[in-house]
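Reader: Could you take me through one part of this model up close? I'd like to look at the helix packing in chain B, with enough of the surroundings to place it.

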Amino acid sequence: MNEFVQLFSQYNVPGAFLVNIELTLWSALFSLILGVILLMMRISPISSLRAVAGGYVEFFKNMPLTIIMVFMVLGAFAQLKLTFSDTFATNFFWLAVTGLSLYTAAFVCESLRSGINTVPLGQAEAARALGLNFMQSATHVILPQAFRGSVAPLGNTLIALLKNSTVAAAASVATETSSLMSEMIEFHANSIVGIFLIFAFGYVILIIPIGALTTVLSNKLAVRR
Amino acid sequence: MARNTNESSVLFDEPGPKGKRRIRIANWIGALVVAVVVVLILMRLHNPPDGENQLDWQLWKPALDSEAWTDFYLPGLWMTLKAAVLAVVGSVLFGLIFGIGRLLPNVAVRAVSGVIVEFCRAVPVLMFMIFFWRFFSFAGIESAAYWAVVLGLILYNGSVVAELVRSGVGNLPGGQREASLALGLTTTQSLMQVEVPQAVYAMLPAAVTQLVVVLKDTALGSIIMYTDLLQESRRLGSMYFNILQTLVVAGVVYFIVCALLSKLAEWLPSRMQQRTAAPAEPEPVAPIAIMDASNVNQIAVAKEVDEDRYGGVPRQYHAHHRGTNASVRHWRQTRYEQGYDSTQPDSERQPERHVPPLPNLRPHPHGEGHKADGHNGERKDGHQSE
């Protein structure tokens, strides 16, 4: 017990989780925006946009996140000199957010697409019969219902994103949980199981509310038909 | 022109000549924008700010020549595949054990398997890997990184497979279980000899999709110094200072292998459907969110709309309501309250109809005499609408 108190006073464990939560929230924001744009491209009447969005999704679904993160740091930053900030820590943070957002946007797009499938054909037909064009029927009729129908897959994507934020370690974000855990284990090898359980239960505690909220919201928001 | 069969065609009318012209113009503009972006990226690569020309053959040659393949990429790919294959075999075993554990009649076994599966699903794979890596190194086990990668992947993906087994059994028609019970098998025998074997066929396509996830996640091993494809390409890149180029090559290899596996997973369901009464699904929709049986149902229901997109009769039974079965008692608690199954009368939800009684605005002048003649209702309506 004494050992744990010492560990907590020596290392900023809640701070590390905070870094992961920040990574998750920023990436969730950007990937949601990018995902909606991709979705609009994917369902648009213009076939070249459809092809581009389809290719983007296919690319990121078949590409390991780790290689994207490594690429952000060693390729985009070290070789192409892509920088967000002069301080290293901030720069790596935003590089990691970029990588996570690009990766997650593909999954957001797929989740929203499964939500579009819950909208009955009649809704789209009614919108067209009213004379709405593609943008109008998409933004006023289809997408609002699609969002409500895709709460469950979007929640799953958010949970996956929170877990994936640990991969920021590959993008040299040294303050997040997996790096901190590695460091703590290195210096306190005899309480290795305890250290692992601290972090593991931290994630369980973070993820259970998201899962429960997703289930409640998806039942509450689903359009009853 | 044939109609598109994807959901896009729902959102807009089949374009006429004018619309087609506009779409053609938009296509050209779109292609132009993509071309401009590609050219901009190439220019940036050609002449990055205070860096060297990234398109130089001097940088690409060491990333592509035969030595790079024989000494770095292929051994790395072999390590990646070695870890992925063992992890898949292990996670299927793990999934079968704990998936069946969650279905057994014994409450204690169910609870323990449930806690283990939910725990393994919630903890990031990288955490498991780092923990096992350090643990095995301290224990003095050889090739600690390899076993850490394999074990980390087994725990996470095994718990995913466990959920697939559970949903596969949940989706079997109730007759399977009823027939085996009628033959005198016990609940456990029916589960092990009749239901789970069919659930395994139903989940195989999803397990292949999971193989893609496993393969992608082996790349996490490079963080714990496992010499997989990604790690080898980084090593090669740091020798010639061309990490960008070697990462591109490694990325292409990953993409090709994963895309081939995805194609296999799309092709497999039709084969597997012949061997099971449950729907063989290509995608593992159950897993990620914790305690989320209803999510499966929602996505399954969402996909049904796809099937009868063009004027089919709407499906009477939803994908997850296939009759009574082993686990339906638990699945029903979280069922998606959209439709009902007529084979389970208690799942029926009667729409509440409030038909208010017609107000009797004025006393009927000759009510008594007409009550028996059968046209009472019509006459009454007629009177009141006057």
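**Chain B helix packing, and what surrounds it**

Author: Let's start with the partner: read along the sequence, chain A runs α-α-α-α-α-α-α-α-α-α. That's ten helices and zero strands. Keep in mind that this is a predicted model. The C-alpha trace of chain A spans about 70 × 45 × 25 Å along its principal axes, and 50% of its 225 residues are buried. Of the contacts in chain A with a separation of 6 or more, 74% join residues 24 or more positions apart.

Now for how chain A meets chain B. The predictor gives the complex an ipTM of 0.90 and a pTM of 0.78. Chain A puts 65 residues into the contact and chain B puts in 62. On chain A's side, the elements giving two or more residues include α3 (47-61), α5 (88-116) and α10 (192-221) of chain A. The largest share comes from α10(A), with 14 residues. Sorted by class, chain A's side has 39 nonpolar, 21 polar and five charged residues.

On to chain B itself, and the packing you asked about. Take helix α3 (residues 66-101) of chain B and helix α6 (residues 144-170) of chain B: they pack at an angle of about 40 degrees, with axes 6 Å apart. Angles under 35 degrees would count as roughly parallel, so at about 40 degrees α3(B) is oblique to α6(B). The crossing of these two helices is right-handed. Their contact has 17 nonpolar, seven polar and one charged residues.

Just ahead of α6(B) there's a backbone detail to look at. S143(B) sits in the loop between α5 and α6 of chain B, and its phi is near 40 degrees, a positive value in a residue other than glycine. Most residues other than glycine have a negative phi. S143(B) counts as exposed because it has 12 C-beta neighbours inside 10 Å.

You'll find a second case further along: M225(B), in the loop between α8 (187-217) and α9 of chain B. Phi of M225(B) is near 70 degrees, again positive in a residue other than glycine. M225(B) has 12 C-beta neighbours inside 10 Å, so M225(B) counts as exposed.

That brings us to another helix pair. Helix α9 (residues 229-240) of chain B packs on helix α10 (residues 243-272) of chain B at an angle of about 155 degrees, and their axes are 8 Å apart. An angle over 145 degrees counts as roughly antiparallel, which is why α9(B) is described that way relative to α10(B). The crossing of α9(B) and α10(B) is right-handed. If you want to pick out the contact, α9(B) contributes residues including L229(B), L230(B), S233(B) and R234(B), while those from α10(B) include I243(B), T246(B), L247(B) and Y254(B). Overall, that contact divides into nine nonpolar, four polar and one charged residues.

Last, how far to trust all this. Chain B has a mean pLDDT of 74, and 68% of its residues reach 70 or more. Among its elements, helix α5 (residues 125-139) of chain B has the highest mean pLDDT, 92, and helix α12 (residues 328-333) of chain B the lowest, 39. Residues 1-8 of chain B have pLDDT below 50, and this stretch has eight contacts in the model beyond near neighbours in sequence. Over residues 316-351 of chain B the pLDDT is also below 50, with 60 contacts in the model beyond near neighbours in sequence.

Notes
Residues are numbered from 1 along each chain as its sequence is written. Chains are lettered from A and ligands numbered from 1 in the order in which they are written. This is a predicted model: local features need pLDDT of at least 70, side-chain atom pairs count only at pLDDT 80 or more; totals for chains, interfaces and linings use all residues. Axes are lines fitted to C-alpha atoms, for helices over the stretch in contact, and angles run from 0 to 180 degrees between N-to-C directions. Helices (H or I, at least four residues) and strands (E, at least two) are DSSP runs, numbered from the N terminus. Angles under 35 degrees count as roughly parallel, over 145 as roughly antiparallel, 65 to 115 as roughly perpendicular and the rest as oblique. A crossing is left-handed if the near helix is turned anticlockwise from the far one by less than a right angle, and right-handed if clockwise. Ala, Val, Leu, Ile, Met, Phe, Trp, Tyr, Cys and Pro count as nonpolar, Asp, Glu, Lys and Arg as charged, and the others, Gly among them, as polar. Two residues are in contact if their C-beta atoms, placed from the backbone, lie within 7 Å. pLDDT is the predictor's confidence in each residue, from 0 to 100. A residue is buried if 20 or more other C-beta atoms lie within 10 Å of its own, exposed if 12 or fewer, and partly exposed in between; C-beta atoms are placed from the backbone.
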